[in-house]
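Here is a friendly walk through a structure for you to explore. Please keep the viewer open while you read.

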Amino acid sequence: MTTKSIAILAAALFAAASLLTSAPAAAAAREIKITGNDQMQYSVKRIEAKPGEELKVVLTAVSKMPKTEMAHNFILLKKGANPDAFVMAGAMARNTEYVPAAKKDQILASTTLAGGGETVEVTFDAPAEPGEYVYLCSFPGHYAAGMKGLLVVK
Ligand code: CU
């Protein structure tokens, strides 16, 4: 093999390698559409996912009420977090959209608040560890009214 043919071969390999690396990225996150209503309920109360699966939660608030009276968010808590304690602290945290700063380390993923007609979203990777993870709305009173669900990783 001549030096020239080696150079051509190397160039061809390089071109093939760059073709591979410029291939389209992995499939987009799986989208999960949820609505929240004036009855303080999510339309989706159970989400199943594979460990590490990329998810995109899209939450729309369906309401004609003012945002200060009726708004929803989606907050996914770490395993072992106490949802009751979280929402109790959250109810006091009006300035941070009812997300308690002292308990931020318990959050795996969260959206901002959506008022009537608004849509918020968050993209995240499902936990690697199989199990059940609670998600909830931290607007005062909503969790107690049943605005919660489970992300089941298996
Ligand atoms: Cu809510």
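The briefing below goes from the overall layout to the sheets, the helix packing, the core and a few loop residues.

This is a predicted model. Its chain holds 2 helices and 10 strands, and from the N terminus on these elements follow the order α-β-β-β-β-β-α-β-β-β-β-β. Two open sheets are described below, one in the order 2-10-9-5-6 and one in the order 1-3-8.

**Overall numbers**

- The chain has 154 residues, and 26% of them count as buried.
- Among contacts between residues at least 6 apart in sequence, 71% join residues at least 24 apart.

**The five-strand sheet**

- In this open sheet 5 strands are arranged in the order 2-10-9-5-6, with mixed pairing.
- Strand 2 and strand 6 have a single partner strand each, so they stand at the edges and leave one side without a neighbour in the sheet.
- From one strand to the next, the twist averages 25°.
- Strand 2 (residues 46-49) runs parallel to strand 10, and 4 bridges join the two. Within this pair, Ile-47 has Leu-151 of strand 10 as its bridge partner.
- Strand 9 is paired with strand 10 as well, here in the antiparallel sense and over 6 bridges.
- Two positions help you find that antiparallel pair in the viewer: Glu-132 has Val-152 in strand 10 as its bridge partner, and Gly-131 stands opposite Val-153 in strand 10.

**The three-strand sheet**

- Here 3 strands form an open sheet, again with mixed pairing, in the order 1-3-8.
- Which strands stand at the edges of this sheet? They are strand 1 (30-36) and strand 8 (119-125); each has a single partner strand, so one side of each lacks a neighbour in the sheet.
- Neighbouring strands are turned by 20° against each other on average, direction ignored.
- Strand 3 and strand 8 run antiparallel and are joined by 7 bridges. A handy marker is Glu-54, which stands opposite Asp-125 in strand 8.

**Helix 2 against the sheet**

- Helix 2 lies across strand 5, strand 9 and strand 10, and runs at about 20° to strand 9.
- Which residues of helix 2 are buried? They are Phe-86, Val-87 and Gly-90. These residues lie on the same side of helix 2, because they cover an arc of only 90° around the axis.
- As general background, an α-helix has 3.6 residues a turn, so residues three or four places apart point the same way.
- The buried residues of helix 2 pack against strand 5 and strand 9.
- Asp-84 and Ala-85 are exposed residues on the face of helix 2 turned away from its buried side.

**The largest nonpolar core**

- The largest nonpolar core has 28 residues, and those with the most contacts inside it are Phe-74, Ile-75, Leu-76, Tyr-135, Leu-136 and Leu-151.
- Strand 3 (54-61), strand 5 (75-77), helix 2 (83-91), strand 9 (131-136) and strand 10 (148-153) each supply at least two residues of this core.
- Leu-151 is worth a second look: this core residue is also the bridge partner of Ile-47.
- What does Ile-75 contact, leaving aside its neighbours within four places in sequence? Its partners are Val-99, Ile-107, Ser-110, Tyr-135, Leu-136 and Ser-138.
- In soluble globular proteins, nonpolar side chains tend to be buried together.

**Loop residues to check**

- Met-40 has a positive phi of about 60° although it is not a glycine. Met-40 belongs to the loop between strand 1 and strand 2, and it is partly exposed because 18 other C-beta atoms lie within 10 Å.
- Tyr-98 also has a positive phi, near 65°, in a residue other than glycine. Its place is in the loop between helix 2 and strand 6 (107-110).
- Is Tyr-98 buried or exposed? Tyr-98 counts as buried, because it has 21 C-beta neighbours inside 10 Å and the cut-off for buried is 20 or more.
- Thr-68 sits in the loop between strand 3 and strand 4 (71-72). This residue counts as exposed, because it has 9 C-beta neighbours inside 10 Å.
- The C-alpha atoms of Thr-68 and Gly-115 are separated by 7.9 Å, although these residues are 47 residues apart along the chain.

Note on methods. Residues are numbered from 1 along each chain as its sequence is written. This is a predicted model: local features need pLDDT of at least 70, side-chain atom pairs count only at pLDDT 80 or more; totals for chains, interfaces and linings use all residues. A nonpolar core is a set of buried Ala, Val, Leu, Ile, Met, Phe, Trp, Tyr and Cys residues joined through C-beta atoms within 7 Å. A residue is buried if 20 or more other C-beta atoms lie within 10 Å of its own, exposed if 12 or fewer, and partly exposed in between; C-beta atoms are placed from the backbone. Helices (H or I, at least four residues) and strands (E, at least two) are DSSP runs, numbered from the N terminus. Two residues are in contact if their C-beta atoms, placed from the backbone, lie within 7 Å. Two strands pair if DSSP finds at least two bridges between them. Axes are lines fitted to C-alpha atoms, for helices over the stretch in contact, and angles run from 0 to 180 degrees between N-to-C directions. The arc is that of the directions from the helix axis to the C-beta atoms.
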